[in-house]
Amino acid sequence: MSAQSRHPIPLLTPQLPERALLQPYLDRIDASRHYSNFGPLNQALEERLTAFFAPHSAAGVQVVTTSSATTGLELALASLELPPGSRVLVPALTFVATLTAVLRAGLVPVVCDIDPENWLLTPEIAEAAITSTGALAALPVAAFGQPVDTLAWSQFQQRHGVKVVVDAAGAFGSQWVAASDIAVVFSMHATKTLAAGEGGLVVGGDSAQLASIRQMSNFGINLDPAAQLPVGMLTRVGSNAKLSEYHAAVAHASLDGWQAQAAQRREIYADYRQTLQSRCGDKLQWQAGETLAAPTLFCVRLPDAERRERLEQQAGSLGVSTRRWYQPLLHQHGAAVQPLVVLATPNAEKVAAGLIGLPFSCFINHTQIKYIADIVYSAVTNISNTHY
């Protein structure tokens, strides 16, 4: 890519449905005159998503939509009905919403280490953490879209009586809900593959828990005429976390085209990784685990912080955006983020020191990928490259 043809390469470029694809759903909104409060488009979306997840769960699942994945996490944690101030295990390497959801639920995050290969909080790590902290819940994260093992976490939950909720914000299509006793939360933010612009969904097999989450998403108001309380009575403190019909319309159109977009993302990701591996060899470390169904981020670990900083400087000077995803680590944020319990996190700190996010979207092309690979090669080898 010559200097004359070079243009800035953004980190992320969201891909939401075009207006023509939204029109049939917008027409349904106009016909129903129902805009929120569990409207017909939202109900139909939950049914479609239930059918999407059901083949991967032997015991069956239900879906409840929310206004965002963050509110979904908060309500899922609240549905556990833990005593105020209970401790909840969270991985050090994750987006800050994992942390704030715990705090806003009136609970105390316990920051734990991660596995050095898959970069996730695992049941094995959690075993030791509950012994030393007395934590009553765990919030493992499908970091960078890499799915967690819900069956293993279900066994952990049953063995120790420690409640589990999974933060799978960026893992739609890769993270399944095989265990019926664990709630899994997904994001429909604009940067995700199933994009509603903003929104979330909670998937699980415990009907009572899902009903509680739905009720709390509507302030906690009882809407069931068969209940022992009057309709409209506040049953518990909730929030206004419902998904609007307009966001449901965008989600429907996204779901219509999801398979095609997922295949495109897999193809681009495979080309990207192969190009970087061919250029840089064993100088890069990749997150271990499954091949993702629909990647949303492209992250790689450089050998050390010095080479990462060199890459950032070179890429920035050439208009190539990068991001230190999920950094600072949760326990390295400001003193205002309290209360917090912090365990030793040597693996997380080592991984984070070289971790970098590179541009990735459905709009990046092979020429740009090769250009980025040249920059990465120059940074990790400290050899000047005349290609750029």
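Helices and strands are DSSP runs, numbered from the N terminus. The exercises below concern a predicted model.

**Exercise 1. Place K242 and describe the surroundings of its side chain.**

Step 1. Locate the residue. K242 lies in the loop that runs between helix 7 (207-217) and helix 8 (245-256).

Step 2. Look for a partner of opposite charge. K242 is buried yet has no salt bridge. The nearest side chain of opposite charge belongs to E245 and is 11 Å away, while a salt bridge requires a nitrogen and a carboxyl oxygen within 4 Å.

Step 3. Look for polar partners instead. The K242 side chain makes a polar contact of 3.2 Å with the side chain of N218. Another polar contact, of 2.8 Å, joins the side chains of K242 and N240.

Step 4. List the contacts made beyond four places away in sequence. K242 touches S36, N37, F38, T66, S67, S217, N218 and F219. N218 therefore appears both in this contact list and as a polar partner, where a polar contact is a pair of N or O atoms within 3.5 Å.

**Exercise 2. Decide whether A92 is buried or exposed, and find what surrounds it.**

Step 1. Locate the residue. A92 sits in the loop between strand 2 (87-91) and helix 4 (96-104).

Step 2. Apply the cut-off. A92 has a relative accessible area of 0%, so it is buried.

Step 3. Name the neighbours. Leaving aside residues up to four places away in sequence, A92 touches V111, C112, I114, L329, L330, H331, T345 and A348.

Step 4. Check a pair that is distant along the chain. A92 and P328 are 236 residues apart in sequence, and their C-alpha atoms are separated by 9.2 Å.

**Exercise 3. Explain why C280 and C299 do not form a disulfide.**

Step 1. Recall the chemistry. A disulfide is a covalent bond between the sulfur atoms of two cysteines.

Step 2. Compare the distance with the cut-off. The cysteine sulfur closest to that of C280 is in C299, 16 Å away, which is too far for a bond. Starting from C299, the closest cysteine sulfur is that of C280, again at 16 Å and too far for a bond. The cut-off is 2.5 Å.

Step 3. Check burial. C280 is buried, at 2% relative accessible area, and C299 also counts as buried, at 7%.

Step 4. Give the total. The count for the model is 0 disulfides.

**Exercise 4. Describe how strand 7 is enclosed and which strands pair with it.**

Step 1. Count the buried residues. Strand 7 covers residues 200-204, and 5 of its 5 residues are buried, so the strand is largely enclosed by the rest of the structure.

Step 2. Treat the two faces separately. G200, V202 and G204 are buried on one side, and L201 and V203 are buried on the other.

Step 3. Identify one pairing. Strand 1 (residues 62-66) pairs with strand 7 in the antiparallel sense over 5 bridges. Within this pairing, Q62 has G204 as its bridge partner.

Step 4. Identify another pairing. Strand 6 (residues 183-187) is also antiparallel to strand 7, with 4 bridges. Here F186 has L201 as its bridge partner.

**Exercise 5. From the salt bridges of the model, work through three that link distant parts of the chain.**

Step 1. Start from the total. The count is 9 salt bridges.

Step 2. Take R48 and D256. Their side chains meet in a salt bridge of 2.8 Å, N to O. The pair spans 208 residues, with R48 in helix 2 (residues 40-53) and D256 in helix 8. R48 counts as partly exposed at 30% relative accessibility, and D256 as partly exposed at 48%.

Step 3. Take E74 and R104. The salt bridge between their side chains is 3.1 Å, N to O. E74 is in helix 3 (residues 69-79) and R104 is in helix 4, 30 residues apart. E74 counts as buried at 17%, whereas R104 is exposed at 64%.

Step 4. Take R279 and D374. The closest N and O atoms of this salt bridge are 2.8 Å apart. R279 belongs to helix 9 (residues 258-280) and D374 to helix 12 (residues 366-381), 95 residues apart. R279 is partly exposed, with a relative accessible area of 30%, whereas D374 is buried, at 10%.

Conventions:
Residues numbered from 1 in each chain as written. Predicted model: local features only at pLDDT ≥ 70, side-chain atom pairs only at ≥ 80, totals over all residues. Heavy atoms only, no water. Helix = DSSP H or I, 4+ residues; strand = E, 2+ residues; numbered from the N terminus. Buried < 20%, exposed > 50% of the residue type's maximum accessible area, 1.4 Å probe, protein only. Lys, Arg positive; Asp, Glu negative; His and termini not counted. Polar contact = N/O pair within 3.5 Å; in protein donor to acceptor, adjacent residues only side chain to side chain. Contact = heavy atoms within 4.5 Å. Pairing = 2+ DSSP bridges.
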